[in-house]
Amino acid sequence: MDGDSKAAPREMTRREALAWLAQAGVAACALTCGRAHAEDGGRKKIGNLFEFPNGCAKDVEGAIVVRTDEGMAALARICTHKRHTLEVDDNTGSIFCSMHGSGFDLSGKPTNGPATRALKWYHVEVDESGAVWLDTSKSVARGAWAPLPKWAKPKE
Ligand code: FES
């Protein structure tokens, strides 16, 4: 009887230990998966190409994502005049700063001041399925338009 009563708590402890190990395994897997996504360089799917009309800008995930005939670009949302957050006009898709009135074209060049410097560009890419991926942890050279998939390129 004593042996059984001692065995029962040990068996419970073992089960608890196994349950704990199982939970720890799930947690470790979640951590690993989280790191794997983070190690993608912060690359994040922000939508599909059809959600980005040609010739317009859209405020997405802290960047201004634009699509033109040249491809896609992701611009910093920070005004180059005094670092006010830029806005996108929902009707026209134009980029402007409400603080002092600067405007920017779809390549991030100022169209009217007081801002005189162009916006920083972030990494954006479009995969063959049309999924659009943004990585604001990486900047790219101004003018490095992300190519559109062949099926989405404008017809000549
Ligand atoms: S902060 Fe944008 S125009 Fe001055």
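**Close-up views of a predicted model**

**View 1. Confidence along the chain of this predicted model.** The pLDDT averages 80 over the chain, and 73% of the residues score at least 70. Residues 17-39, by contrast, have a pLDDT below 50, and this stretch makes 0 contacts in the model beyond near neighbours in sequence.

**View 2. An open sheet of 6 strands.** The strands of this sheet are arranged in the order 1-10-9-4-3-2, and their pairing is antiparallel. Strand 1 (44-48) and strand 2 (56-60) stand at the edges, where each has a single partner strand, so one side of each is left without a neighbour in the sheet. From one strand to the next, the twist averages 30 degrees. As background for this view, strands of a sheet pair through backbone hydrogen bonds, in either a parallel or an antiparallel manner.

**View 3. The pairing of strand 4 with strand 9.** Strand 4, made of residues 71-76, and strand 9, made of residues 121-126, pair in the antiparallel sense over 2 bridges. Within this view, alanine 74 has tyrosine 122, in strand 9, as its bridge partner.

**View 4. The surroundings of histidine 123 in strand 9.** Is histidine 123 buried or exposed? Histidine 123 has 20 C-beta neighbours inside 10 Å, and because a residue with 20 or more such neighbours is classed as buried, histidine 123 counts as buried. When neighbours within four places in sequence are left aside, histidine 123 is in contact with Asp135, Lys138 and Val140. Tryptophan 145 lies 22 residues from histidine 123 along the chain, and the C-alpha atoms of these two residues are separated by 9.2 Å.

How values were computed: Residues are numbered from 1 along each chain as its sequence is written. This is a predicted model: local features need pLDDT of at least 70, side-chain atom pairs count only at pLDDT 80 or more; totals for chains, interfaces and linings use all residues. Two strands pair if DSSP finds at least two bridges between them. Helices (H or I, at least four residues) and strands (E, at least two) are DSSP runs, numbered from the N terminus. Axes are lines fitted to C-alpha atoms, for helices over the stretch in contact, and angles run from 0 to 180 degrees between N-to-C directions. pLDDT is the predictor's confidence in each residue, from 0 to 100. Two residues are in contact if their C-beta atoms, placed from the backbone, lie within 7 Å. A residue is buried if 20 or more other C-beta atoms lie within 10 Å of its own, exposed if 12 or fewer, and partly exposed in between; C-beta atoms are placed from the backbone.
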